[in-house]
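Got a minute to walk through a protein with a ligand in it? Have a look at the sequence and the model first, then we'll go through some questions.

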Amino acid sequence: MMTRKKYRTHTCGELKIDDVNKVVVLSGWVQKSRDLGGMTFIDLRDRYGITQLVFNMETDADLCNKARKLGREYVVQVNGTVTERSNKNNQLPTGDIEIVVESFQVLSKSEIPPFTIEKDTDGGEELRMNYRYLDLRREPLKKNIQLRYKLGQKVRNYLDSQNFIEIETPYLIKSTPEGARDFVVPSRMNQGQFYALPQSPQTFKQLLMIAGYDKYFQLVKCFRDEDLRADRQPEFTQIDCEMSFVDQEDVLQTFEGLVKYIFSEIKGIDFDFDFPRISYEVAMRDYGSDKPDLRFGMKLKELTDLVKGKGFRVFDQAEYIGGICVPSCGNYSRKQLDKLTAFVTQPQVGAKGMVYVKRNEDGSISSPVNKLVDRKDLIRWRKRLNAKKEDLLLILSGDRTNTLSALSALRLEMGNRLGLLRADEFKPLWVVDFPLLEWDEESKRFHAKHHPFTSVKEEDIPLLEKDPASVRANAYDLVINGVEVGGGSIRIHEKEKQQAMFKHLGFTDEQAEKQFGFLMNAFKYGAPPHGGIAFGFDRFAALLGGSESIRDYIAFPKNNSGRDIMIESPSEISGEQLKELNIFLSKSK
Ligand code: ASP
């Protein structure tokens, strides 16, 4: 019988000192080659690692000369013997050995790659996106993609252990309102009609609860047409979950368990405490954000009652005045403070200006508003903000919403400057009691803050008519280090209540029926109380990997304009296709 010749007997990350003298076959890419006098060394790379190949001019000049012609990224198969290295490399898992090559063949040549395929590359973002398959060969990306895979596996393990089952839901559906625009797909068979890609499987997972599948999850693509940022992609993945016969407490405990399991398995971090729970109201009051970073303090303090109405015009006109106390920065120079003012007044932060008060070494206070503000008042500010000697007070004012958000940005900026945002520290919390509704200035009406299927806190039901803005929902977010990792709610499961909610949100009965009749119909046939949550899978992976950019954790992401520049998508479609779909493009385009 002929023995089958295999492409490889081992991977490039596998061979160690115990394998010395083995005759092996390896296949991989030429990472780089070095000629040193009589010897040629080649680093052979695959998904698993790098193994050094060695060719010796003295023992086989022909082979060595042939090896010298191998270019970067050539794919080669080599036969040789594992040998102990005299010059060991303790940076490499295979660094104790090398392969003395007896023969090799080129499986595939490579042009000179457009950027160096190494940990630190010279390739710019655009170039690397254009050649994503080359970028993905690089170690940092490989690590990210593997981390992502591991996260998925661990999620499945945990949820499986808790009796959840994974069920797929369709992608060609109709609008599910999660607050973004839909991506739509024209139907050839139903001309003039369109599918919408799911912004989430929300309605389907609720239907699965009605169907009796009381613990569902899915690692699922969601599609939202919105402006993109480092942590947003038009298509992204969720760990989408739903449970029946649960209240908020059950959901929080189940998924706190998931988060703890993931951190323990992936980062070796054991959270041996209950995650803190902060109401939305307190999060906004203390951090100016519904996703507070708890790695440091520096809480916001409101000063409106102390400051307003004292004849200082900027403050008198403000709805809200608040500040933070930055420890040990009372010695900031004029230049440093000017820079901070520039930071808060940039359009993304949006403050009109900044007032600072320094507490000096001797305990005295100095501030450019010294002459405008009564000394006693300055002392009151200092006390409210609990400023110690050599601390710096930074104060912003304006309308409440924008000032809180600017203070939140300033707090993070100072935390960053003072090195308080430690990459190896993770501070999870639940933000609970979100408002049910959010006022939209543009459409001049309330929108669901989470989504229209979210239930109202029992005790707030009477407020629905009187004071809709203050109504709280059974909705919660899981936040880690200032990142919203997941969010969900206990749902409405009664037809009448869902109908009433649509009314509050400004839907006519006809509109509600047309868009969500199927769900309300299903509620007629025995809907269990249910609730759930969805985690941003890409974001979770990025957080675990220590990055802000989810793109680095997606094999083929889109750029900031929602384009895949490698495959050139989106792109025009042929006249033929348009005709089939009965779509006519306007001339102006
Ligand atoms: N569907 C929601 C979302 O995508 C999550 C949930 O309520 O379970 O944010």
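What follows is a short round of questions and answers on the ligand site and some salt bridges.

This is a predicted model, so to speak plainly: local features need pLDDT of at least 70, side-chain atom pairs count only at pLDDT 80 or more, and totals for chains, interfaces and linings use all residues. Residues are numbered from 1 along each chain as its sequence is written, and side-chain values use heavy atoms, with hydrogens and water left out.

Q: How many residues surround the ligand?
A: A residue counts as near the ligand if one of its heavy atoms lies within 4 Å of it. The closest ones are E178, Q202, K205, H450 and R491. The whole shell comes to 14 residues.

Q: What is the distance from a ligand oxygen to an N or O atom in the side chain of K205?
A: Polar contacts here are pairs of N or O atoms within 3.5 Å; inside the protein, one atom must be able to donate a hydrogen and the other to accept it, and residues adjacent in sequence count only if both atoms are side-chain atoms. R491 offers a side-chain N or O atom at 2.7 Å from a ligand oxygen, and a polar backbone atom of I533 sits 3.5 Å from one. For K205, the value is 2.6 Å.

Q: How much of the ligand's accessible area does the protein cover?
A: Accessible areas come from the Shrake-Rupley method with a 1.4 Å probe, and for residues only the protein chains shown count as cover. On its own, the ligand has 270 Å² of accessible area. The protein covers 93% of that.

Q: Which element gives the largest share of the shell around the ligand?
A: Helices (H or I, at least four residues) and strands (E, at least two) are DSSP runs, numbered from the N terminus. The elements giving two or more residues to the shell are α5 (202-210), β21 (483-490) and β22 (530-536). With three residues, the largest share comes from β22.

Q: Which residue forms a salt bridge with K205?
A: A salt bridge is a side-chain nitrogen of Lys or Arg within 4 Å of a carboxyl oxygen of Asp or Glu. Helix α5 holds K205 and strand β10 (residues 235-244) holds the partner, so the pair ties together parts that are 35 residues apart in sequence. The closest N and O atoms are 2.7 Å apart, and the partner is D240.

Q: Is K205 buried or exposed?
A: Buried means under 20% relative accessible area, exposed over 50%, and partly exposed in between (1.4 Å probe, protein chains only). K205 has a relative accessible area of 1%, and D240 is also at 1%. K205 is therefore buried.

Q: How does D338 count in terms of accessibility?
A: D338 meets R334 in a salt bridge at 3.4 Å, N to O. The two are four residues apart in helix α10 (residues 334-345), about one helical turn. R334 is exposed at 57%, while D338, at 40%, counts as partly exposed.

Q: Which backbone oxygen does the side chain of Q346 reach?
A: Q346 sits in the loop between α10 and β14 (355-359). With a relative accessible area of 24%, Q346 is partly exposed. At 3.0 Å, its side chain reaches the backbone oxygen of F343.
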